[in-house]
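Reader: I have this model open at the bench and would love a close look at one helix and how it packs. Could you walk me through it?

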Amino acid sequence: MKRKKTVLLGIAAVTLSACFCAVAILGFDFRGPRTEPIDPWIVAAEALGTQNIISAIYLNVRLFDTIIEVLVFAIAALGVRYYLTARGRRREADAIPESRVVRVAADVLLPPIVLLGIYIVLHGHLSPGGGFAGGVIAGTGLLLAAIALGTETVRSRISSSVLEWVEWAVLCGIIVLAVVPVTLSRPALANPIGPGTMGRLLSGGTTLLYSMLIGVKVFVGSWVIVRRFIDHRGEI
Amino acid sequence: MDAINGVTISIILFGIGFVGLVLRRDLVVKLLALGLINSAEILCLVSLVSRDSGAPPILGLAPTAQLVDPLPHAIVLSAIVINFAILALALVFVMLLVERYHTIDSARIERETATEEETWN
């Protein structure tokens, strides 16, 4: 009975997928030129002075969308922190000694990884990247350090309570920065700093500011989530 | 008109992930399947606007007629972060369930919650 249901569900899924695939093959022409109009986005990017059209969209046109998204990320980090703290540390797992290769490689790779993260955050308005990608890269760099140096070392060097305060302070900063122009009856999409010269590092006005704040927020948030899991287990 | 393009691959990946999400009883495998579905969605959105002669949507890189539509990329940016948050939170809930019931088998967890409700009533 159960097997029959499984087989039926499998057949239904395969049929449905085949139908969608047929639509996808017949309906889309990937060879031809672009047919969607993107003029509004180009106008917005040029008015803002950002070379990267995507960052002009998600840090200017859809700014409040992005802020809610950062809020969702913060709430998820809060949930992880709440539930794992309530359970406490279960047991002290035996530390698995890392091989020499991993430790040396982590020592060599950590500075370039963090530097790459900072570079991607700062160049979010010029090239692919931005606050989210750069923050996650730097946070993963810290995870690498935790693997190589041992969690105790990293935990003693980085004050996690300060980091959690930084996380919420940055979140409040982003919200205030976006909401204040609205309450002062200025359009939220206005760019008080000015576009600057397109293609230079100091261009794009508020885009760079938001990018940096989001970068710090994601860096701290991802490290907080990872650190809670590490704490819970006792060792990576 | 290629049979193998990003959209068809993403539909197949979505099917694999969906079947895994529904049929597998292991909670961790369910989460992995959810991650696969997320990746399939991202691949679908990005490849929907890809063109053979397209260029990344960065001004000055190519004539504006060649730039691809940047809107799906901006949506995907949100999707990636939310996926990470959802998976982390779901993993914590799986850990809570494992601590209480000492199993990651969803059918066994359902049976045990059913017997618990009976003992309460």
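Author: Happily! Let's take α2(A), whose buried residues are Trp41(A), Ala45(A) and Leu48(A). Buried here means that 20 or more other C-beta atoms, placed from the backbone, lie within 10 Å of a residue's own, while 12 or fewer make it exposed and anything in between partly exposed. Helices are DSSP runs of H or I, at least four residues long, numbered from the N terminus. The three buried residues lie on the same side of α2(A) because they cover an arc of only 70° around the axis, the arc being that of the directions from the helix axis to the C-beta atoms. On the other side of α2(A), Asp39(A), Pro40(A) and Val43(A) are exposed.

The cover over the buried residues includes α3 and α9 of chain A. Just after α2(A), Gly49(A) has a positive phi of about 80°.

For the wider setting, the largest nonpolar core has 47 residues; such a core is a set of buried Ala, Val, Leu, Ile, Met, Phe, Trp, Tyr and Cys residues joined through C-beta atoms within 7 Å. Among the elements giving two or more residues to this core are α2 (39-48) of chain A and α3 (71-101) of chain B.

A word on reading it: this is a predicted model, where local features need pLDDT of at least 70, side-chain atom pairs count only at pLDDT 80 or more, and totals for chains, interfaces and linings use all residues. Residues are numbered from 1 along each chain as its sequence is written, with chains lettered from A and ligands numbered from 1 in the order in which they are written. The predictor gives the complex an ipTM of 0.83 and a pTM of 0.82.

Note on methods
Two residues are in contact if their C-beta atoms, placed from the backbone, lie within 7 Å.
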